[in-house]
Amino acid sequence: MADHKFLVVDDSLTMRRIVVNALKTLGYEQVVEAQDGKDAVAKLMTESPTFVITDWNMPEMNGLDLTKWIRANGQFESIPILMITTRGNKDDVIEAMKARVNNYIVKPFTPQGLKEKIDQILKTTEAKA
Amino acid sequence: MADSAVNNKPASGERVARDLVQLIREIVPLLENVRHSIEESTSHIPKASKQLSNVTQATESATVEILNVLESMTNRITQAEEKLAVVKRSVEKTNNAVRKLQAAVVALPEAQRKPFEEAVADVNAQLGDPGRDEGFRLAEEFLARTKEESMSIAISLQVQDITSQQIAGVAHIIEGVREQLASALFRFENGTAATDIEEPNHFKDKVFDTNAQYSKSPERQSDADEIVRQFTNGKQ
């Protein structure tokens with residue numbers, strides 16, 4: 001658990017704080033933040049996170065484009081990605097899954113829901129590794 | 001024209017022209033009123049947009065302040081939990097030491113036992129307080145619940161992000177109305193742009209979801225989970 005380093009990407013300062021607090025409550029102490037996809041790309045290079053949690057609607061580079069960038073970039077393509085967004089339409093979820101996010105949470109999230117998704121993703125990705 | 005209709009007589013050209021002039025005389029101030037109303041409405045929109053932006057900023061600042069307090073509370077609770085655990089361990093160690101002492105006292109010659117037995121009885125009277133274990137349990141439970149509740153408050157503050165997206169959506173609609181009114185005004189002014197109307201840009205950089213909603217109903221998440229299951233062949 002302690003080995004994972006999370007990158008939390010959201011243009012809302014309050015959302016970033018809430019997600020970071022929730023992660024710390026779950027025992028994940030290593031967390032870095034980015035305010036949009038472009039910032040996240042820079043943090044991927046410098047901070048070497050092992051798990052990305054991203055919003056969808058953001059300026060500069062949105063969460064969907066960030067996901068596509070990560071999956072197209074050999075160095076980072078296997079990083080687990082969890083999308084947390086207000087976009088709850090089925091078409092949105094399908095689009096995100098096609099872009100290869102590992103799981104999807106519709107805001108508002110609960111700590112229990114966040115834990116379940118992280119556990120599911122880690123179980124699947126660690127089994128593959 | 002009304003008279004000619006009543007008399008069933010064709011209107012003369014002169015009469016028609018006179019009626020037309022009269023109509024134009026009546027329409028011109030009416031159009032001026034319309035133009036004035038559009039100009040006034042258009043000029044109010046930047047203020048409305050600015051007020052919406054102020055609401056978003058104020059709620060964000062307040063939310064950050066609440067989060068700061070909650071974080072500070074959570075940190076203090078964690079410290080209290082750690083201190084309580086230290087005290088609990090210390091009491092357990094003391095209990096063990098007293099038990100060893102009791103065993104040693106029993107081994108002493110009877111004449112030497114009395115003062116030791118009294119001392120052990122005093123310590124036991126303190127440590128053997130039946131409320132002690134219950135006290136620890138209650139304190140641990142109280143701290144854990146307070147921590148959980150402060151987390152619930154923090155989680156509920158997601159409403160700020162969601163409502164700010166809804167407000168940005170409204171501001172976007174208002175901006176669309178302003179653009180249309182400005183375009184109508186532009187035509188009134190014979191193609192001269194009304195330069196004194198400030199263009200609002202308070203939400204220019206805000207990316208938002210017009211369908212954002214603060215709902216704790218599990219349906220939207222269940223629908224998303226179902227799609228995720230289909231894509232992952234039930235592995236997630």
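Pro108(A) sits in the loop between S5 and H5 of chain A. The peptide bond that joins Lys107(A) to Pro108(A) is cis, with omega about 0 degrees. This comes from a predicted model. The points below cover the backbone of chain A, its fold, its helix H2, the nonpolar cores, the contact between chains A and B, and helix H6 of chain B.

**Backbone of chain A**

- Most residues other than glycine have a negative phi, and most peptide bonds are trans.
- Besides the cis bond between Lys107(A) and Pro108(A), Ser48(A) has a positive phi near 50 degrees and is not a glycine.
- Ser48(A) belongs to the loop between H2 and S3 of chain A, and its place is just after H2(A).
- Ser48(A) counts as partly exposed because 13 other C-beta atoms lie within 10 Å, where 12 or fewer would make a residue exposed and 20 or more would make it buried.
- Arg100(A), also a residue other than glycine, has a positive phi near 80 degrees.
- The loop between H4 and S5 of chain A holds Arg100(A).
- With 14 other C-beta atoms within 10 Å, Arg100(A) is partly exposed.

**Fold and dimensions of chain A**

- Chain A contains five helices and five strands.
- Along the sequence these follow the pattern β-α-β-α-β-α-β-α-β-α.
- A compact globule of 129 residues would have a radius of gyration near 14 Å, and the 13 Å of chain A agrees with this.
- Taken along the principal axes, the C-alpha atoms of chain A fill a box of roughly 30 × 30 × 25 Å.
- Buried residues make up 49% of the 129 residues of chain A.
- Of the contacts in chain A between residues at least 6 apart in sequence, 57% join residues at least 24 apart.

**Helix H2 of chain A**

- Helix H2(A) runs over residues 37-47, and its buried residues include Gly37(A), Ala40(A) and Leu44(A).
- These residues cover an arc of only 45 degrees around the axis, so they are on the same side of H2(A).
- Ala42(A), Met45(A) and Thr46(A), on the other side of H2(A), are exposed.
- The partners of the buried residues of H2(A) are strand S1 (6-9), strand S2 (31-34), strand S3 (51-54) and helix H3 (63-72) of chain A.

**Nonpolar cores**

- In soluble globular proteins, nonpolar side chains tend to be buried together.
- The largest nonpolar core here has 41 residues, and Val19(A), Ile53(A) and Met83(A) have the most contacts inside it.
- Helix H1 of chain A (residues 13-25) gives the largest share of this core, with six residues.
- Leaving out residues up to four places away in sequence, Val19(A) touches Val8(A), Asp10(A), Ile53(A) and Ile84(A).
- Another core, of six residues, lies apart from the largest one; among its members are Ala168(B), Ala171(B), Phe208(B) and Ala212(B).

**Contact between chains A and B**

- The contact involves 33 residues of chain A and 31 residues of chain B.
- On the chain B side, at least two residues each come from helix H2 (13-107), helix H4 (131-156), helix H5 (158-188) and helix H6 (219-232).
- H6(B) provides the largest share of that side, seven residues.
- By type, the chain B residues that touch chain A are 15 nonpolar, seven polar and nine charged.

**Helix H6 of chain B**

- At 1.5 Å a residue, the 14 residues of H6(B) should span 20 Å, which agrees with the 20 Å between its end C-alpha atoms.
- Gln221(B), Ala224(B), Asp225(B) and Val228(B) are buried in H6(B).
- Viewed down the axis of H6(B), the buried residues fall within an arc of 105 degrees, so they line one face of the helix.
- Exposed on the other side of H6(B) are Glu219(B), Ser222(B), Glu226(B), Arg229(B) and Gln230(B).
- The buried residues of H6(B) pack against chain A, specifically helix H4 (90-98), strand S5 (103-106) and helix H5 (111-128).
- Asn233(B), just after H6(B), takes a positive phi of about 55 degrees.

Conventions. Residues are numbered from 1 along each chain as its sequence is written. Chains are lettered from A and ligands numbered from 1 in the order in which they are written. This is a predicted model: local features need pLDDT of at least 70, side-chain atom pairs count only at pLDDT 80 or more; totals for chains, interfaces and linings use all residues. Two residues are in contact if their C-beta atoms, placed from the backbone, lie within 7 Å. Helices (H or I, at least four residues) and strands (E, at least two) are DSSP runs, numbered from the N terminus. Ala, Val, Leu, Ile, Met, Phe, Trp, Tyr, Cys and Pro count as nonpolar, Asp, Glu, Lys and Arg as charged, and the others, Gly among them, as polar. A nonpolar core is a set of buried Ala, Val, Leu, Ile, Met, Phe, Trp, Tyr and Cys residues joined through C-beta atoms within 7 Å. The expected span of a helix is 1.5 Å times one less than its number of residues. The arc is that of the directions from the helix axis to the C-beta atoms. The radius of gyration is taken over C-alpha atoms; the globule rule is 2.2 Å times the number of residues to the power 0.38.
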